[in-house]
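Me: I want to check some labels against their cut-offs. Take me through the reasoning, value by value.

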Amino acid sequence: MELQALQLIELAERALVSAVIYERERGSSWADIARYPGIDASEAEARFAADLTLWDTAFEVPYRLDETGRKRVPQLPTAAYDPAWACTQLDRWAYLQRLGIDDERAVSSGLVMAAPEEEGCPGVEEG
């Protein structure tokens, strides 16, 4: 039971960090973000600045090596490395949930895959 509680706390923390990153990316101020956990803007910035730095750095260095130095560990969400797979998963989820659309491509039908900026961009096929 204790392990499950710790896992739940970890998931909640990750969700909170993701929400803060999302809000900062869309232009929210630290004061706006700080209202929700009930802290002041400087506390919010201090608490989440390292997470934002990791997020920004991950675009420049999308993988890090594990403790052994032999295995690459992704720094970004799975969808960044394989957007086609992510679209398929979202389409399946939406179709199975019957979100009012009987389209098997309910999520991805309106998306246009961008051309990769550099050759060899993982997860994006040129076309």
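Reply: The questions below go through burial, contacts and salt bridges in this predicted model.

Me: Why is D91 called buried?

Reply: D91 has a relative accessible area of 5%. Buried means under 20%. D91 is therefore buried.

Me: Where is D91 found, and what is it in contact with?

Reply: D91 is found in helix α5, residues 83-97. Leaving aside neighbours within four places in sequence, D91 is in contact with E104, R105, A106, V107 and S108.

Me: Is S28 buried or exposed, and why?

Reply: Its relative accessible area is 11%. The limit for buried is under 20%, so S28 is buried. S28 lies in the loop between α1 (2-25) and α2 (30-35).

Me: What makes the pair S28 and E23 a polar contact?

Reply: The two side chains are joined at 2.5 Å. The cut-off for N or O atoms is within 3.5 Å, with one able to donate a hydrogen and the other to accept it. The pair S28 and E23 therefore counts as a polar contact. Beyond four places in sequence, S28 is in contact with E23 and I33.

Me: How many salt bridges does the structure hold?

Reply: It holds 3.

Me: What makes E23 and R26 one of them?

Reply: Their closest N and O atoms are 2.8 Å apart. A salt bridge needs a side-chain nitrogen of Lys or Arg within 4 Å of a carboxyl oxygen of Asp or Glu. The pair R26 and E23 therefore qualifies.

Me: Why is R26 called exposed, and why is E23 called partly exposed?

Reply: R26 is at 54% relative accessibility. Exposed means over 50%, so R26 is exposed. E23 is at 24%. Partly exposed is the range between buried, under 20%, and exposed, over 50%, so E23 is partly exposed.

Me: How do you know that E10 and R14 form a salt bridge?

Reply: Their side chains meet at 3.5 Å, N to O. The limit is within 4 Å, so the pair E10 and R14 passes. Both lie in helix α1, 4 residues apart, about one turn of the helix.

Me: What about E13 and R47?

Reply: Their side chains meet at 3.3 Å, N to O. Within 4 Å is the requirement, so E13 and R47 form a salt bridge. The pair links distant parts of the chain: E13 is in helix α1 and R47 in helix α3 (residues 41-60), 34 residues apart.

Technical notes:
Residues are numbered from 1 along each chain as its sequence is written. This is a predicted model: local features need pLDDT of at least 70, side-chain atom pairs count only at pLDDT 80 or more; totals for chains, interfaces and linings use all residues. Side-chain values use heavy atoms; hydrogens and water are left out. Helices (H or I, at least four residues) and strands (E, at least two) are DSSP runs, numbered from the N terminus. Buried means under 20% relative accessible area, exposed over 50%, partly exposed in between (1.4 Å probe, protein chains only). Contact means heavy atoms within 4.5 Å.
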